[in-house]
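Please open the model in your viewer and keep the selection panel at hand. The stops below say what to pick next and what is found there.

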Amino acid sequence: MSVDPDALLGWFDRAERELPWRAADVTPWQILVSEFMLQQTPVARVLPTWTDWVTRWPTPAATAAACRADLLRAWGKLGYPRRAVRLHEAAEVIVREHAGVVPDDVDALQRLPGVGAYTARAVACFAYGRRVPVVDTNVRRVVARAVHGLADAGPPATVRDHADAAALLPPDARAARFSAALMELGALVCTARAPQCAVCPLRDSCAWHVAGRPAGTAPRRPAQRYAGTDRQVRGRLLDVLRDSATPVTRAELDVAWPADDVQRERALAALLADGLAERTADGRFALPGQDRNATTASR
DNA sequence: GATTCGTGGAA
DNA sequence: TTTCCAAGAAT
């Protein structure tokens, strides 16, 4: 089974969301910022953060020159704050090695910190119109169903996933918009939990639908728990650092996770190693680059 | 290839 | 209440 570009693009013309990073005057850098924020993060939560961020730091140069602590505070509770660190680093690389211009080829993009197979192709496609397969979780699910007749995509396999998606791309200049449409279909219609086949433009040619929507057979991996993990502890510690205008003492961090000293120390060491925190000369802790001379606690 | 890395809304 | 899952990347 394949995907009829006319059917998909016809649907996209009607159903496309007006997301701010799709506006005509948005720059490649601002699109790159949106892709960083959208990694494993729902669109609804990215919207306000992206708007504030690109207003405050509209270019790679502005971002590279920004203070890491300011970037982390603007990132807020979007999740996976290492993305903010890597975005900062990517801006520095773009300024230093690409004259401040976001590269337009996949290989150069993928060499940037925090830019992997998906993000590199998304920027090449959505910012520069390049004809490359763009494979995210939505595309993998649509391909699994429409092409392979399976309820769900298996584990990611980048080479095979790219080959699958590349085989679907129209040969002409519609390819970039086709990829956006494929993602949008997965996000709005061909969803993980309750696919709306009744309104799907690919229904009549979808291998999964034609086969009667057979249930998936793949064993589901055990649900990721969060409570009590290092991730939660890191989050709590970072909350304290973000909310304090001045460096905090060890005792202030203890309060954030009093139950387990070993785990708390491990999480703190990881934050330091990841560039999400710094130890000041007097033994306190702060977001990197934050003014370390201040001694008065305030919030 | 399997794990780790946040967060919060919806089912 | 618990579970699922959301435009992934790095190790």
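Begin by selecting Trp 75, which is buried at a relative accessible area of 1%, where buried means under 20% relative accessible area with a 1.4 Å probe and protein chains only. This is a predicted model, in which local features need pLDDT of at least 70 and side-chain atom pairs count only at pLDDT 80 or more, while totals for chains, interfaces and linings use all residues. Residues are numbered from 1 along each chain as its sequence is written, chains are lettered from A and ligands numbered from 1 in the order in which they are written, and side-chain values use heavy atoms, with hydrogens and water left out.

Add Trp 53, also buried, with a relative accessible area of 1%. Aromatic rings, taken for Trp as the six-membered ring, pair if their centres lie within 6.5 Å, and planes under 30 degrees apart count as stacked, over 60 as edge-to-face and the rest as tilted. Trp 53 and Trp 75 form an edge-to-face pair, 5.7 Å centre to centre with 80° between the planes. Trp 53 sits in helix α3 (residues 43-56) and Trp 75 in helix α5 (residues 68-75), 22 residues apart; helices here are DSSP runs of H or I with at least four residues. Selecting Trp 57 as well completes a cluster in which ring pairs link Trp 53, Trp 57 and Trp 75.

Next, display the largest nonpolar core, which has 86 residues, with Leu 8, Trp 53 and Leu 185 making the most contacts inside it. Such a core is a set of buried Ala, Val, Leu, Ile, Met, Phe, Trp, Tyr and Cys residues joined through side-chain atoms within 4.5 Å. Helix α11 (residues 175-188) gives the most to this core, namely eight residues. Centre on Leu 185: leaving aside neighbours within four places in sequence, its contacts (heavy atoms within 4.5 Å) include Leu 8, Trp 11 and Val 142.

From there, move to Trp 11, which is buried at 5% relative accessible area, and to Phe 12, buried at 1%. Their ring centres are 6.4 Å apart and their planes at 25°, so the pair is stacked.

Finally, turn to DNA strand C, where 28 residues lie around the strand, Leu 38, Gly 114 and Arg 193 being among those that come nearest; near means a heavy atom within 4 Å. A polar backbone atom of Gly 114 is 2.6 Å from a phosphate oxygen of the strand, whereas a polar side-chain atom of Trp 21 lies 2.9 Å from a base nitrogen.

Definitions and conventions
Buried < 20%, exposed > 50% of the residue type's maximum accessible area, 1.4 Å probe, protein only. Helix = DSSP H or I, 4+ residues; strand = E, 2+ residues; numbered from the N terminus. Polar contact = N/O pair within 3.5 Å; in protein donor to acceptor, adjacent residues only side chain to side chain.
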